[in-house]
Amino acid sequence: MTTLVRTRRVTTTRAGGVSRAPYDSFNLGDHVGDDPEAVRRNRLRLAEGIGLAPERLVWMEQVHGRTVEIVDGPRAEPVPVTDALVTRVPELALVVLTADCVPILLSDDEAGVIAAVHAGRVGARIGIVPRVLDAMVSLGAHPERIGAFLGPAASGRNYEVPAAMRDDVEAHLPGSATTTDKGTPGLDLRAGIRRQLEQAGVGAVAVDPRCTIEDETLFSHRRGAPTGRLASVIWMHTEEPHA
């Protein structure tokens, strides 16, 4: 019988962890000033919750760049200076941390290629998304078979920026310029990224409607720093077919 491989995706909220305020409670970021032991325990809870050993989760040292790393096994430490991970290895979970930036989870289920991407304003502007698509294609993915999920992030109705910044990002990421509910210049990065993915031929793009700035069940750096980080996770789970 043929082993079945299914892509799984998870996005966390603030609830369910052990961190104290202002990181309460399920903070998964180890770079925001939280108690390291609390972060360790939260990461163990995440691994347990998705049914994988902790060492099967691959983390990144995110820097708002456009470096993509192809990983073929567990890593003892976060992958340094990287904002996207790609793999073909089942039961290897790729993790992206955010608190207003856009987490992107990508998969070509037929090719067995997945990716996790950290796309903030800077990374999206300088082209992290085309880079990760190129890396996926190099492993056998086809854009028209790729499904994309854009997780909770700052929404265009709340993400205020100076007009010059909005115009600059729009020039590099068309479709991202907007006006906030206050009537001020704003950015909707998910709208720009969605347009970029669709123009690259990506077959399906789903967007989580939640705004991190207004939804207090989520972490938001803009709403209240210091704060914790959400995790968006993607992995391929192998299943033996029933007789």
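The lining of the largest pocket is made up of 10 nonpolar, seven polar and seven charged residues, where Ala, Val, Leu, Ile, Met, Phe, Trp, Tyr, Cys and Pro count as nonpolar, Asp, Glu, Lys and Arg as charged, and the others, Gly among them, as polar. The model is a predicted one, in which local features need pLDDT of at least 70 and side-chain atom pairs count only at pLDDT 80 or more, while totals for chains, interfaces and linings use all residues. Residues are numbered from 1 along each chain as its sequence is written, and side-chain values use heavy atoms, with hydrogens and water left out.

The largest pocket encloses about 480 Å³ of space, and of the 24 residues that line it, H64, A99, C101, H118 and R229 are the closest to its centre. Pockets were defined on a 1 Å grid over the protein atoms alone, as an open set of points where a 1.4 Å probe fits, with protein on both sides within 12 Å along at least five of seven lines, and lining residues have an atom within 4 Å of a point. Grid points are joined across faces, edges and corners, and a volume is the space filled by probe spheres set on the points. Strand 5 (93–98) and helix 2 (121–126) each contribute at least two residues to the lining of the largest pocket; helices (H or I, at least four residues) and strands (E, at least two) are DSSP runs, numbered from the N terminus.

The second largest pocket has a volume of about 290 Å³, and its lining divides into six nonpolar, no polar and six charged residues. Among the lining residues are R40, R43, L57, W59 and R75, and helix 1 (residues 36–50) gives the most to this lining, with three residues.

Strand 5 also belongs to an open sheet of four strands with the order 1-12-5-2 and mixed pairing. Strand 1 (4–11) and strand 2 (57–58) stand at the edges with a single partner strand each, so that one side of each is left without a neighbour in the sheet. Two strands are taken to pair if DSSP finds at least two bridges between them. Strand 2 and strand 5 pair in the parallel sense over two bridges, with L57 having A93 as its bridge partner and V58 standing opposite L94. On the antiparallel side, five bridges join strand 5 to strand 12 (residues 230–239), and L97 stands opposite A231. In a regular strand the side chains alternate between the two faces of the sheet. Both faces of strand 5 are covered, with A93, V95 and L97 buried on one side and L94, V96 and T98 buried on the other, where buried means under 20% relative accessible area, exposed over 50%, and partly exposed in between (1.4 Å probe, protein chains only).

Strand 7 (residues 113–119) has seven of its seven residues buried, so it is largely enclosed by the rest of the structure. Its two faces carry V113, A115, V117 and A119 on one side and I114, A116 and H118 on the other. Strand 7 is joined to strand 4 (residues 84–87) by four bridges in the antiparallel sense, and A116 is the bridge partner of L85. Strand 6 (residues 102–108) and strand 7 likewise pair antiparallel, over seven bridges, and form a hairpin with four residues between them, in whose turn G112 has a positive phi of about 70°. Within this pairing, D108 stands opposite V113.

The side chain of D108 makes a polar contact of 3.1 Å with the side chain of R145, a polar contact being a pair of N or O atoms within 3.5 Å; within protein, one must be able to donate a hydrogen and the other to accept it, and residues adjacent in sequence count only if both atoms are side-chain atoms. R145 is found in the loop between helix 3 (128–138) and strand 8 (147–150) and is partly exposed, with a relative accessible area of 29%. Leaving aside neighbours within four places in sequence, R145 is in contact (heavy atoms within 4.5 Å) with S107, D108, E110, A111 and G140. The C-alpha atoms of R145 and G201, 56 residues apart along the chain, are separated by 8.8 Å.

S220, in the loop between strand 11 (204–207) and strand 12, counts as buried at 1% relative accessibility. The side chains of S220 and D100 are joined by a polar contact of 2.9 Å, and the side chain of S220 reaches the backbone nitrogen of R223 at 3.0 Å.
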